[in-house]
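Reader: I would like a close look at a single part of this structure, taken slowly and with its surroundings. Please choose one strand, and tell me what it pairs with and how far it is covered.

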Amino acid sequence: MRIVFIGDVVGSAGCGALEAELSAIKRRYGADTVIVNGENSAEENGIDPRSAERILNSGADVITTGNHVFRKRSIYELLETNERVIRPANYGDDVPGKGLCELDYGSYRVAVINLLGTTYLQPIENPFRYADRLLAETDAKIIIVDFHAEATSEKRAMGFYLSGRVSAVLGTHTHVQTADEQIINDTGYITDAGMTGPMDSVLGVEKDIIIEKFLSYCPQRHIFAKGDCEINGVCLDIDAKSGRCTSIERIKTVYSEK
């Protein structure tokens, strides 16, 4: 089977690009399943019901998130009621939502796991230990892990730790697509899938705001940029019987409203 994974959607511009291009991407790659990280999809950060709806209506089967998932309280109910919108599992059991979603295709199932790194991020439950816990809870052969983490070393370590046990470990959060896609012991891996958002920006935010922040060291209110967008991600070929990844290919598409 073939799975398309799309990196962090940023703001209304990113949602618009996805709405315009995801159907064509699915056809181009012959995707059976589409997973999209939507943790920055709402304006002013986070995810809300409206941005989640836009992503799902674009053709996503599952939405993963990250460290900004709880920024908007309006998403809490959706996390509890829609099993296709998940949050990092290692936040624990005392917050809304779950970190594992299973899609049943009859002859096979696809499990999607969302985990959050702890290096340079908030000190929550150990993602490596939580990965072991979740793997014990599913018997799906095809398992895709979105590891939302800051440190390259932590992402690489997770890739090796889960190699041979899951179908893919796909890094998100840093918004810059890396060129290290590979297969590690039958597990597809990339350090960061990249973002879906404005190209004329700094990680999706208006560039002048970030430049001023570096010049003055003063806090700045982040405003997402507009304009032409890049859609980044990966396409995975996976053996449905064994769950082994046989190929991983980077996706990079440019969308212009003009």
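Author: What follows is a walk around strand β12 and its partners, and then outward to other parts of the chain. The model is a predicted one, and that should be kept in mind throughout.

Strand β12 spans residues 229–238 and is joined to β1 by five bridges, the two strands running antiparallel. Ten of the ten residues of β12 are buried, so the strand is largely enclosed by the rest of the structure. In a regular strand the side chains alternate between the two faces of the sheet. In β12 both of these faces are covered: Cys229, Ile231, Gly233, Cys235 and Asp237 are buried on one side, while Glu230, Asn232, Val234, Leu236 and Ile238 are buried on the other. Buried here means under 20% relative accessible area, so the charged residues named among these ten, Glu230 and Asp237, fall below that cut-off along with the rest.

As for the pairing with β1, two of the facing positions can be named: Arg2 has Asp237 of β12 as its bridge partner, and Val4 stands opposite Cys235. Strand β1 itself covers residues 2–6, and because four of these five residues are buried, β1 too is largely enclosed by the rest of the structure. Strand β1 is also joined to β3 (residues 33–37), this time by four bridges and in the parallel sense, with Ile3 finding its bridge partner in Thr33 of β3.

Two further strands pair with β12. Ten bridges join β12 to β13 (residues 245–255), and these two strands run antiparallel; within that pairing, Gly233 has Ile251 as its bridge partner. The two strands form a hairpin with six residues between them, and in this hairpin Gly243 takes a positive phi near 85 degrees. Strand β11 also pairs with β12 in the antiparallel sense, over three bridges, and here Pro198 stands opposite Cys229.

From β11, which covers residues 195–198, the chain passes through a loop to helix α6 (207–216), and Leu203 has its place in that loop. Leu203 is partly exposed, with a relative accessible area of 41%, and together with Val176 and Val202 it makes a nonpolar surface patch of about 230 Å².

Gly11, by contrast, is found in helix α1 (residues 11–29) and counts as buried, because its relative accessibility is 0%. Setting aside residues up to four places away in sequence, Gly11 touches Asn40, Ser41, Ala42, Glu43 and Phe224. The C-alpha atom of Gly11 is separated by 37 Å from that of Lys241, which lies 230 residues away along the chain.

Elsewhere in the chain, six strands form an open sheet of mixed pairing, in the order β5-β6-β7-β8-β10-β9. Its edge strands are β5 (100–104) and β9 (182–184), each of which pairs on one side only, and neighbouring strands are turned by 25 degrees against each other on average, with direction ignored. Strand β9 pairs with β10 (residues 187–190) in the antiparallel sense over three bridges, and there Ile183 stands opposite Gly188. Helix α4 (residues 127–137) lies across β5, β6 and β7, running at about 160 degrees to β6, whereas helix α5 (residues 152–162) lies across β6, β7, β8, β9 and β10 and runs at about 170 degrees to β8.

Conventions
Residues numbered from 1 in each chain as written. Predicted model: local features only at pLDDT ≥ 70, side-chain atom pairs only at ≥ 80, totals over all residues. Heavy atoms only, no water. Pairing = 2+ DSSP bridges. Axes fitted to C-alpha atoms, helices over the stretch in contact; angles between N-to-C directions. Contact = heavy atoms within 4.5 Å. Patch = residues over 30% accessible without salt bridge, like charges linked within 9 Å, V, L, I, M, F, W, Y side chains within 5 Å. Areas by Shrake-Rupley, 256 points an atom, 1.4 Å probe, with all protein chains shown as cover. Salt bridge = Lys/Arg side-chain N within 4 Å of Asp/Glu carboxyl O. Buried < 20%, exposed > 50% of the residue type's maximum accessible area, 1.4 Å probe, protein only.
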